[in-house]
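Let's walk through this structure together, starting with how its strands are arranged and ending in a loop. Keep the 3D view open as you read.

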Amino acid sequence: LNKYSVDLEDKTHFFASGNVADSWLKYDFKDKKVRPTHYSIRTRHGGGIQNPKTWIIEGSNDDSDWKPLDRRTDETCLNGYNFVHTFDIQTKLEENEFFRYLRIKQTGLNTGCDNYFVLSALEYFGAII
């Protein structure tokens, strides 16, 4: 379930997509907009080896046109149970550039060599208006 990705205290549940290429998880900030500078991913507590290793973070204001904000390929820092890592947003954003939607999309196979997109927490850091 999506709700498990935002419950940062819950280390027993997790979000998992189907075994589908380009699986994603989108946050809708509704009447707010965010300008992300960093984000943290926590892997699941156990049971499988399907940790993220290749993904893109994208921002949008209309849920249609997506701007690439950060891209990672063959990351190894999340290859374990309950591992947490914080990543910098690589794209230099304008000072007034904010997004209603942020999406993380798996763009390659996970550490288990399939397309399940599995994580137990995803947290964005930055400014909000």
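A word on naming before we begin: strands here are DSSP runs of E, at least two residues in length, numbered from the N terminus. Please also bear in mind that this is a predicted model.

Let's begin with the sheet. Strands of a sheet pair through backbone hydrogen bonds, in either a parallel or an antiparallel way. Here, four strands form an open sheet in the order β2-β7-β4-β5, and their pairing is antiparallel. The edges are taken by β2 (24-28) and β5 (67-72); each has a single partner strand, so one side of each is left without a neighbour in the sheet. On average, neighbouring strands of this sheet are turned by 15° against each other, with direction ignored.

Now look at one pair within that order. Strand β4 (residues 55-60) and strand β7 (residues 101-106) run antiparallel and are joined by six bridges. If you would like a place to start, find tryptophan 55, which stands opposite glutamine 106 in β7.

From the sheet, we can move on to the loop between β5 and β6 (84-88), where aspartate 74 is found. Most residues other than glycine have a negative phi. Aspartate 74, though not a glycine, has a positive phi of about 55°. Which other residue should you look at in this loop? Asparagine 82 also has its place between β5 and β6, and its phi is near 55°, again a positive value in a residue other than glycine.

Is asparagine 82 buried, partly exposed or exposed? Its relative accessibility is 30%, so asparagine 82 counts as partly exposed, a class that lies between the buried cut-off of under 20% and the exposed one of over 50%.

Key
Residues are numbered from 1 along each chain as its sequence is written. This is a predicted model: local features need pLDDT of at least 70, side-chain atom pairs count only at pLDDT 80 or more; totals for chains, interfaces and linings use all residues. Side-chain values use heavy atoms; hydrogens and water are left out. Two strands pair if DSSP finds at least two bridges between them. Axes are lines fitted to C-alpha atoms, for helices over the stretch in contact, and angles run from 0 to 180 degrees between N-to-C directions. Buried means under 20% relative accessible area, exposed over 50%, partly exposed in between (1.4 Å probe, protein chains only).
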